[in-house]
Amino acid sequence: MSSELDSLRRERDFYRALVGFAGQEDLQLLLREAVDVLVARSGAREAVIEVMQDDGVDVTPCTAAHGCDGARLAAISTYISRGIISEAVATGESVVTANATEDPRFHDFASVRRAKVEAVLCVPIGRDPPIGVIYLQGKQGCDDFQPYDRHLQRDIEVVARALAPVVERLTAKAGMLASPPALAVVAGDPFSAVRGRGSALTEVLARLRLAAPLDIHILLTGASGVGKTLIANAVHIASRRQAARFVEINCAAIPDNLLENELFGAEVGAHSSVPRGGIKGKVEAAEGGTLFLDEVAEMSLGAQAKLLQLLQSKTYYRLGGAESRRADIRIIAATNVNLKVAVAERKFREDLYYRLQVLETRIPSLAERPEDVVPLAAGFLRQAIERHQLSHKTLSPGAIRAIQAAEWPGNVRELANRIEAAAIQAHLRAGDLLEARDIFADAPVEGDTDTMQGATRRFQRKHLLAVLTSTDWNVLEAARVLDVSRSQVYNLIRGLELKRE
């Protein structure tokens, strides 16, 4: 078990390093980080990454290397125009050879004979045409570096795919110094559906953009209502599995005794309600695509064991079935539970946690994205008007202040529901503004329904008014007592519509 967990940790750290490329803004540092990852994974004696920078006038190389001095690096770089590297660049395919000096494809090249090139794995970066190459070399028959190992080839090709979009962003390809901002609404961009431009969300989406085509399992964490389902769907659309289905299952909404049936399906005779032909489970429905397990922490330990078997062997059994079935699916799991704590409390299997945690990404709450609240509300208002064909309205200044001042424990989901309800409620009212009273209809009105939002606003209003009265409406002093900024006190006064008597 220990060796298996160590292997899972190494795999997790490898993919985390690749996803970390997304945040790099310096091309040379990016290549150095990538070389370190390549050497650690491959055991190659020499490693070189070379990419071409096109500023619209000239094309210049940018290189990072391991195990090569200046003269040796220069010798390897000559292969760009002829020999092994030119083969990879010309074909766009990986080149593998156990001994280049004896390989009929390369033994006639003077540069190969002169350098006594032996075991090599060369992988192009990007396509149509490649913008660079990864070149790994070692001794023939070396135990540390075995270029013919299919797992090694796959991982180095994964590194190349992870590098390509970041290198393109950081180089002046086709005269452009960088790609559009990460959250710009771009036609065909799956992540454009995830609204928000705050730095917290931007960093998360940059990581997931890079991870989407890598076909690794992803664990999304964060509070309820932050948009984990929407983000999971965006990852699916951005992946190479987009042509197949995105299938969702809420593990908390299905009783434990039915969860196995729902996930894996059932054969005739497994239980009385199985129709002729059996029941098709969610795993089978997601074949070739993505299975999204929402609230995965709510699975029982028995169900977790069966999920672990699916992840390890890529096979499963229908309930009551004796024939194993193959499953080609990607798993994206989500939870609002701290799984590290759940593992410590033996409520969640540690081995399953490491399987799912290849890339763990926490989605920030709305409280961590204050700059996104008003743009999100405006977007939800436009959606509601279009969906229900309502009279046109925009947010009033008072509504904007109230939205900024309010707490949103239900996060994006609560904000969307609140704005939609307000738009419908205000449909027949004269005027083209959506007011604070429309959004917070349960604000301080005696005898109103005691929703969490209404109770919170009533408490805020009463408490703030008491503090302001005790300080003779000295906002600076009130901010000190409340341990908030002065601007936040002003926002609360406006949003809660407080007035000095």
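The following questions and answers concern one pocket and one helix pair in a predicted model. Local features need pLDDT of at least 70, side-chain atom pairs count only at pLDDT 80 or more, and totals for chains, interfaces and linings use all residues. Residues are numbered from 1 along each chain as its sequence is written, and side-chain values use heavy atoms, with hydrogens and water left out.

User: Which element gives the largest share of the lining of the second largest pocket?
Analyst: A pocket is an open set of points on a 1 Å grid over the protein atoms alone, where a 1.4 Å probe fits, with protein on both sides within 12 Å along at least five of seven lines; lining residues have an atom within 4 Å of a point. Helices here are DSSP runs (H or I, at least four residues), numbered from the N terminus. Two or more lining residues come from each of α1 (2-20), α2 (27-42), α6 (150-170) and α11 (301-313). The largest share, eight residues, belongs to α1.

User: How do α14 and α16 pack, roughly parallel or oblique?
Analyst: Axes are lines fitted to C-alpha atoms, for helices over the stretch in contact, and angles run from 0 to 180 degrees between N-to-C directions. Helix α14 (residues 370-388) packs with helix α16 (residues 411-425) at an angle of about 45°, their axes being 9 Å apart. Angles under 35 degrees count as roughly parallel, over 145 as roughly antiparallel, 65 to 115 as roughly perpendicular and the rest as oblique. Therefore α14 is to α16 oblique.
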